[in-house]
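Grab a coffee and open the viewer. Here are a few short exercises, each with a solution worked out in steps.

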Amino acid sequence: MLAVESDPGGGFVSPTIQEFYPPALAEFSVFGIDFSITRITVISWIATAAILLFMVLATRRMTVVPRKAQWLMESGYGLVRDNLGRDVIGPRYKPFVPFLGALFFFILANNAMSIIPFFQISPMSKFAYPLVLALLVYVLYNVVSIKNKGLGGYLKEVAVPPGVPIPFLILVTPIELLQMFVIRPFTLAVRLFANLFAGHMLLVVFSLGTVYLLGKFGENFSFIFAPLSFLMALFMTFFEVLVIVLQAYVFTVLTATYLNGAVEKAH
């Protein structure tokens with residue numbers, strides 16, 4: 001959790017964007033490329049290891065009548081396979097279920113770190129993480145599209161939307177190309193990043209505000225505002241639980257939607 005700071009005049013100083021760029025815990029080079037390990041990197045490793053361990057333990061001794069862990073694992077897998085795979089992609093969904101499942105559970109585990117004590121920040125609130133995931137999705141649906149439609153058929157489908165009069169293609173084609181190859185992956189990453197970033201900042205502001213006001217208890221009506229700040233921090237924590245699950249679902253369902261367009265044959 002972030003520390004409470006005061007300005008020289010004794011006022012409260014809210015956290016800034018610099019909190020998302022903690023100092024490196026370790027630095028090293030591989031083939032001349034510099035790498036650094038930060039607190040956020042370690043949190044991501046812990047989240048990934050935790051979800052993998054949970055999957056192993058939940059499926060190690062599977063029974064006809066599932067235990068709680070097995071039921072939870074099967075429910076999550078069923079959500080990805082049926083609601084995100086079969087219902088969105090269509091009959092050709094099966095090859096993509098492992099990727100969708102890995103994507104959903106990875107995002108879910110990393111998002112959950114935002115409300116776990118002593119971690120309290122999601123790696124997804126740093127833009128690099130959602131951007132890498134969006135680029136993976138971008139590469140996948142373009143490869144699948146080219147494989148199913150051919151390079152020429154894919155580019156024609158993107159650049160020449162059906163039903164658009166030829167004179168209007170001068171305006172429509174650049175917009176469609178920009179939307180497909182730039183805007184789509186960028187907005188996919190920004191949507192996840194922005195929600196986790198904003199949620200974390202609000203939660204931290206109200207939490208640190210509570211601590212600060214309690215330290216000033218009795219001054220300037222802090223006995224009124226401290227409980228209100230605490231209630232808002234509590235509310236934001238429960239709201240963050242909804243965001244954690246919803247954003248993992250939204251990112252994965254959008255990926256499935258893009259793959260649905262990729263597996264359809266060019267018209």
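**Exercise 1.** Does Asp 82 count as buried or exposed, and why?

*Solution.* A word of warning before starting: this is a predicted model. Begin by locating the residue: Asp 82 sits in helix H2, which covers residues 68-89. Next, take its relative accessibility, which is 17%. The cut-off for buried is under 20%. Asp 82 therefore counts as buried, because its 17% falls in that class. Finally, look at the side chain: that of Asp 82 makes a polar contact with the side chain of Arg 81, at 2.9 Å.

**Exercise 2.** Work out which class of exposure Phe 54 belongs to, then list what it touches.

*Solution.* Start with the element: Phe 54 is part of helix H1, residues 39-60. Its relative accessible area comes to 27%. Buried would need under 20% and exposed over 50%, with partly exposed in between, so Phe 54 is partly exposed. Now for the neighbours. Leaving out residues up to four places away in sequence, Phe 54 touches Ala 69, Leu 72 and Met 73. As a distance check, go to Gln 70, which is 16 residues from Phe 54 along the chain; their C-alpha atoms are 9.5 Å apart.

**Exercise 3.** Find the nonpolar surface patch that includes Phe 238, and classify that residue.

*Solution.* First, place Phe 238: helix H6, residues 222-263, holds it. Then read off its relative accessibility of 58%. Exposed means over 50%, so Phe 238 counts as exposed. Last, collect the patch: Phe 238 joins Ile 224, Phe 225, Leu 228, Phe 230, Leu 231 and Leu 234 in making about 700 Å² of nonpolar surface.

**Exercise 4.** In what sense do strands S3 and S4 pair, and which residue of their hairpin has a positive phi?

*Solution.* Take the strands: S3 spans residues 26-30 and S4 spans residues 33-37. They pair in the antiparallel sense, over five bridges. For one of the partners, pick Val 30, whose bridge partner in S4 is Ile 33. Now the turn: two residues lie between the strands, and Phe 31 takes a positive phi near 55°.

**Exercise 5.** Zoom out and describe the whole chain.

*Solution.* Count elements: six helices and four strands. Put them in order from the N terminus and you get β-β-β-β-α-α-α-α-α-α. For burial, 36% of the 267 residues count as buried. For surface, the chain exposes about 15,500 Å², with carbon and sulfur atoms supplying 73% of it. For contacts, take those between residues at least 6 apart in sequence: 66% of them join residues at least 24 apart.

Note on methods:
Residues numbered from 1 in each chain as written. Predicted model: local features only at pLDDT ≥ 70, side-chain atom pairs only at ≥ 80, totals over all residues. Heavy atoms only, no water. Buried < 20%, exposed > 50% of the residue type's maximum accessible area, 1.4 Å probe, protein only. Contact = heavy atoms within 4.5 Å. Areas by Shrake-Rupley, 256 points an atom, 1.4 Å probe, with all protein chains shown as cover. Patch = residues over 30% accessible without salt bridge, like charges linked within 9 Å, V, L, I, M, F, W, Y side chains within 5 Å. Salt bridge = Lys/Arg side-chain N within 4 Å of Asp/Glu carboxyl O. Pairing = 2+ DSSP bridges. Polar contact = N/O pair within 3.5 Å; in protein donor to acceptor, adjacent residues only side chain to side chain.
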